[in-house]
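Trainee: I would like a close look at a single part of this structure, and then at how its surroundings are put together. Could you walk me through it slowly?

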Amino acid sequence: MPDMNESLRLWDRYGQFVLMATAYQDRVLVKARGSRIIDADGNVLIDLEAGQICSILGHNHPELIRRVVAQTEELLHHGTGFLSTPVLEASAKMAEVTPEGLKKTIFLSTGAEANECAFRIAKLFTGKRGIVGFDRGYAGLTLATIAVGGSSRDASFAVPGAVKILAPHCAQCPLTTEFPACEVSCLSVSGKFIEAHCGDDVAAFVVEPILSSGGMIVPPPGYFRHLRALADHLGALIIADEAQTGMARTGTWFGMEADGVTPDILVFSKGAGGGFPAAGVTVTEEIADNILGEFGNFSSHQSDPVAAVAVSAVIDIIRKEDLIAHAKRAGDRLMDGMRGLSAKYGVLGNVRGRGLMIGVDSQEIPDLGLSRGEVGVQFENMCREGGVHLKSIHGGTIFRILPPLNICDDDIDESLHVFDEVSAAILDGKGKHVSVGSRNPHTRRLEKARGQQSMLRRVARKAWETSPAGLYERLTRLVDRGSGE
C-alpha cells in the first residue's frame with residue numbers, strides 16, 4: 001500500500017472543517033500534469049477519469065493555463081450586463097465547431113444551469129411545457145434536471161411536464177428484443193406512452209449521445225435518427241446534452257454527429273473549459289430570433305470572460321494538436337487492449353465506447369464466490385494501489401474510462417499493464433486482502449452512515465412491499481407449524 005502519511009496528517013488537521021458531501025479519497029492532491037495526478041506524499045496516479053471528465057486536455061495544459069492567467073490579469077469579471085472580447089470570440093468559435101445550423105451561444109457556469117436554460121428556451125419556442133429524458137439519463141442536480149433523469153426515483157422530484165422514456169440499452173433491453181430486428185422498439189413503445197400521457201404537449205427531448213452515468217450506454221446506430229422523426233412528429237425539439245460527449249471526446253467534435261443528427265439546442269459543459277468552470281447553450285438562428293424579447297437570463301457568472309477564454313483555448317488546442325484523430329486512435333488502443341484482457345482473464349467484459357469514452361463491466365467470478373460488484377470494488381482499489389485511478393459506478397459493476405484526449409501511448413500501455421496484473425491477482429484470490437475502506441476517520445464516518453441508511457432503506461422497502469394480508473398469512477403458517485397442524 002502506498003505511503004499516505006502526509007495526506008492523513010492533513011485530514012487529521014483539517015478534516016473537521018469539511019462538509020462531507022461524498023466519500024473523499026484518502027489522498028490529498030497537490031499537483032497534476034497531463035494524465036497524472038500527484039498527492040501530498042508524492043504518489044503518482046494515471047488519471048483515467050480526467051478530473052471527473054472536465055480536464056479534457058489533461059491537467060494544467062500549459063497553453064490553457066497561459067491564456068487563462070493572461071485573461072485574469074486583464075479582466076476577471078464584468079457582470080451580466082456587459083460583453084467582452086473573449087465572449088464574442090468564443091461565441092464565434094462555438095459556431096464553427098458545432099453541427100451546421102447551430103449558431104448563437106450563451107455562456108454559463110455549470111451543466112445543470114445550462115440544461116435548465118435550454119429547457120426554458122425550448123418551452124418558449126414551442127409554447128409547450130413537457131421535457132422528456134431517458135430513464136437512465138443524467139442532466140444535473142437541480143430539481144428540473146433530476147426530474148427528467150434516472151436520479152428521480154419517487155414523487156418528491158416531480159416537476160410538471162417531466163417525463164422519462166426507456167433508454168436504448170440494448171445489452172439489457174427491457175423489452176427483451178434484439179437490435180436491429182427490434183427496429184428500435186424501445187423508442188416506438190416510448191412514443192406511444194408519450195402520446196397517451198402528454199398528447200402533443202412536449203417541448204423537447206433532452207438526450208446524451210452516450211449515457212454515461214446511466215451505465216455507459218451506447219445507443220444503437222441510427223437511434224437518434226428515429227428520435228428525430230418522433231420529435232418532429234410531436235412538434236418537439238431535441239436538446240443534446242454534450243457535457244461528456246462534446247469537445248472531441250468521442251472522435252468527433254460532438255457526439256450527435258455519429259448519427260448525422262443536428263440537435264435544435266446543444267448544451268456544453270465539463271470538458272469545454274478544460275478544467276475551468278464553463279458551460280453554455282448553443283441554438284439555431286431560428287430559435288434565437290423566435291424567442292427574442294421573451295427569453296432572458298441573468299446569472300451572476302453569465303458571459304464570464306475567463307470562462308470564455310478557456311473555451312476558446314480548448315477549441316484551439318484540439319485543432320492544433322489534432323486531438324480528434326488522437327482520440328480515435330488512443331481509444332482504439334485502449335479498447336483493443338481491454339478486449340484482450342477480457343478474453344485472457346474474464347474479470348472485465350463488454351468493452352464498448354467511441355473514441356476516448358469507454359465503458360466496461362466487471363464480471364462475477366463464481367469459483368471465488370465474488371459478485372460483479374465485489375469484483376469491481378476490488379479491481380478499482382487494486383488499480384489505485386498500482387498507480388491508476390479509474391472510477392466505478394452502479395455498485396462497482398461498471399467502469400467509466402474517460403482519460404484526457406492527449407493521453408500518451410506510454411500511459412495507455414502502463415494502465416493496461418496494471419489492469420493485467422490486477423486481473424491476475426483477483427483470480428489468484430489476492431483481492432480479498434486489499435483494504436477497500438478509507439483510512440481517514442471523516443470518510444469512514446460517512447461510509448458507516450451510508451451503510452446504515454442503506455440498511456434502513458432496505459428494511460423500509462421490504463415493509464412497504466409486504467402487504468398486511470401477506471404478513472398475516474406468513475404469521476399464520478408459522479403458528480400452524482408451531483402447533484403441529
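How many of the residues of strand S5 (residues 130–134) are buried?

Mentor: Happy to. First, some ground rules: this is a predicted model, in which local features need pLDDT of at least 70 and side-chain atom pairs count only at pLDDT 80 or more, while totals for chains, interfaces and linings use all residues. Residues are numbered from 1 along each chain as its sequence is written, and side-chain values use heavy atoms, with hydrogens and water left out.

Now to your strand. Five of the five residues of S5 are buried, which leaves the strand mostly covered. Buried here means under 20% relative accessible area, exposed means over 50%, and partly exposed lies in between, using a 1.4 Å probe and protein chains only. The names S5 and so on come from DSSP runs numbered from the N terminus: helices are H or I runs of at least four residues, and strands are E runs of at least two. From S5, Gly130, Val132 and Phe134 point one way, whereas Ile131 and Gly133 point the other way, and all are buried.

Next, the neighbours of S5. Two strands pair if DSSP finds at least two bridges between them. S5 and strand S7 (residues 202–207) run parallel and are joined by three bridges, with Gly130 standing opposite Val202 in S7. S5 also pairs in the parallel sense with S6, over four bridges; there, Gly133 has Lys164 in S6 as its bridge partner.

These strands belong to an open sheet of seven, ordered S4-S10-S9-S8-S7-S5-S6, with mixed pairing. Strand S4 (102–108) and strand S6 (162–165) stand at the edges with a single partner strand each, so one side of each is left without a neighbour in the sheet. From one strand to the next, the twist averages 20 degrees. Further along the order, strand S9 (residues 265–268) and strand S10 (residues 279–284) pair in the antiparallel sense over four bridges, and Ile265 has Val283 in S10 as its bridge partner.

Helix H4 (residues 85–97) lies across S4, S9 and S10, running at about 135 degrees to S4. For such angles, axes are lines fitted to C-alpha atoms (for helices over the stretch in contact), and angles run from 0 to 180 degrees between N-to-C directions. H4 also packs with H10 at an angle of about 40 degrees, their axes 8 Å apart. That makes H4 oblique to H10: angles under 35 degrees count as roughly parallel, over 145 as roughly antiparallel, 65 to 115 as roughly perpendicular, and the rest as oblique. The crossing of H4 and H10 is left-handed. A crossing is called left-handed if the near helix is turned anticlockwise from the far one by less than a right angle, and right-handed if clockwise. Among the residues of H4 that meet H10 are Val87, Ala90 and Met94.

Helix H3 (residues 62–74) is another partner of H10, with a packing angle of about 155 degrees and axes 9 Å apart. H3 and H10 are therefore roughly antiparallel to each other, and their crossing is right-handed. Contact (heavy atoms within 4.5 Å) involves H3 residues including Leu64, Arg67 and Val68, and H10 residues including Val306, Val309 and Ala313.

H10 leads on to the largest nonpolar core, which has 65 residues; Met247, Ile318, Met338, Phe379, Leu390, Ile401 and Phe419 touch the most other members. The largest share of this core, ten residues, comes from helix H10 (residues 305–320). Such a core is a set of buried Ala, Val, Leu, Ile, Met, Phe, Trp, Tyr and Cys residues joined through side-chain atoms within 4.5 Å. Apart from it lies another core of 26 residues, and here we come back to your strand, as Phe134 is among its members, along with Ala167, Cys198 and Val207.

One last stop lies after S6, in the loop between S6 and helix H7 (185–198), where Pro180 sits. A cis peptide bond joins Phe179 and Pro180, with omega about 5 degrees. Glu183 lies in the loop between S6 and H7 as well, and its phi is near 55 degrees, a positive value in a residue other than glycine. At 65% relative accessibility, Glu183 counts as exposed. As background, most residues other than glycine have a negative phi, and most peptide bonds are trans.
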